Amino acid sequence: MKTYGFIGCGNMAKAMIGGIVSTGLANGSSVYASNPSAPSLEEMHAAYGIQTSHDNTVPAKNADILVLSVKPHFYESVISEIRDCLSKDTIVVMIAAGQTISVNESRFGKPVKLVRVMPNTPALVGEAMSAVTFNDQLTEEDKAAVLKMLRSFGKAEEVPESLMDAVTGVSGSSPAYVYLFIEAMADAAVLHGMPRAKAYTFAAQSVLGAAKMVLETGSHPGALKDNVCSPGGTTIEAVAALERSGMRAAVIDAIDTCVKKSKAMSK
């Protein structure tokens with residue numbers, strides 16, 4: 001059984017730790033976390049029995065897989081703090097936007113098994129979509145171990161690093177777009193007399209079910225849409241209204257804007 005370490009214990013780290021422990025990938029005593037403040041550490045220790053510290057070198061020294069779960073502007077200082085205490089076999093996982101493999105290889109100043117990951121916030125409910133890129137120091141066994149960790153709290157796919165900015169647009173940031181869509185659908189239902197709590201349930205479950213249809217049937221989204229649109233029916237009327245309002249163009253423009261911002265952060 002591998003040991004896991006987290007430098008930083010914010011929401012994403014908490015979600016990852018929850019997945020790792022609750023799926024039996026590791027027990028709490030095999031997970032180490034450090035954080036400047038105590039409340040997050042106390043919460044995770046109480047929930048999962050993990051090992052906690054305010055010293056970043058503790059998880060760095062003890063973890064087979066070490067996750068840097070801090071804001072991008074802290075990467076340089078954290079790496080300078082831990083680089084001399086890492087084992088040559090430690091796998092370092094970066095989950096911050098804009099943090100490229102090449103920049104951080106230079107910060108370590110020595111060969112290191114480095115992984116760049118872009119997860120998203122549905123990790124909190126075990127439904128993350130994570131993209132992962134490996135540097136050339138990892139073995140196939142190392143890669144499998146990282147993917148197993150990521151799949152303990154959702155789905156994960158390997159992509160070339162050149163696609164990481166696109167990943168940020170289509171999955172990293174996209175839960176926010178979906179929340180807007182759910183909120184708008186619920187507002188419309190409230191407009192027509194449905195209580196708000198019930199409107200959120202109807203809207204959210206419909207989005208969940210539609211997404212599951214795409215993933216589990218393998219059908220093209222356009223074909224699934226066509227199956228719902230009866231000739232002259234209510235659904236095709238609604239689809240026509242969305243098209244008149246430029247829904248597709250708005251979504252494409254939003255993701256394009258997000259990708260450009262991500263590219264600018266990587267420079």
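Okay, let's start with a charged pair: Lys-113 and Asp-142 form a salt bridge through their side chains, 2.8 Å from N to O. This is a predicted model, by the way, so please hear everything that follows as computed from that prediction.

Where do the two partners sit? Lys-113 belongs to strand β6, which covers residues 113–118, and Asp-142 belongs to helix α6, residues 140–150. So the pair ties together parts that are 29 residues apart in sequence. Now, buried or exposed? Lys-113 has a relative accessible area of 12%, and Asp-142 has 10%. The cut-off for buried is under 20%, so Lys-113 counts as buried, and so does Asp-142.

That was one example, and how many salt bridges does the structure hold? The count is 10. As background, side chains of opposite charge can pair when their charged atoms come close.

Next one: Lys-14 with Glu-43, side chain to side chain, at 2.9 Å, N to O. Here the link runs between distant parts of the chain, from Lys-14 in helix α1 to Glu-43 in helix α2, residues 38–48, and the two are 29 residues apart. On accessibility, Lys-14 is buried at 16% relative accessible area, whereas Glu-43 is partly exposed at 44%.

And a third: Asp-226 bridges to Lys-225, with the closest N and O atoms 2.8 Å apart. Asp-226 is partly exposed, its relative accessible area being 45%, and Lys-225 is partly exposed too, at 33%.

Okay, over to the nonpolar side. In soluble globular proteins, nonpolar side chains tend to be buried together. In this model the largest nonpolar core has 36 residues, and Phe-6 and Met-149 are the ones with the most contacts inside it. Which element gives the largest share of that core? Helix α1, residues 11–22, with seven residues. Remember that Lys-14, from the bridge to Glu-43, sits in helix α1 as well.

Let me stay with Phe-6 for a second. If you skip its neighbours within four places in sequence, Phe-6 still contacts a list of residues that includes Ala-13, Met-16, Ile-17 and Ile-20. Further along the chain, the contacts of Phe-6 include Val-31, Tyr-32, Ala-33 and Ser-34, and also Pro-59, Leu-66 and Val-67.

There's also a second, separate core, with 18 residues. Among them are Leu-66, Tyr-75, Val-92 and Ile-101. Leu-66 is the name to look for on screen, since you just heard it: Leu-66 is on the contact list of Phe-6 and is a member of this second core.

That's my tour, thanks.

Methods. Residues numbered from 1 in each chain as written. Predicted model: local features only at pLDDT ≥ 70, side-chain atom pairs only at ≥ 80, totals over all residues. Heavy atoms only, no water. Core = buried A, V, L, I, M, F, W, Y, C linked by side-chain atoms within 4.5 Å. Buried < 20%, exposed > 50% of the residue type's maximum accessible area, 1.4 Å probe, protein only. Helix = DSSP H or I, 4+ residues; strand = E, 2+ residues; numbered from the N terminus. Contact = heavy atoms within 4.5 Å. Salt bridge = Lys/Arg side-chain N within 4 Å of Asp/Glu carboxyl O.
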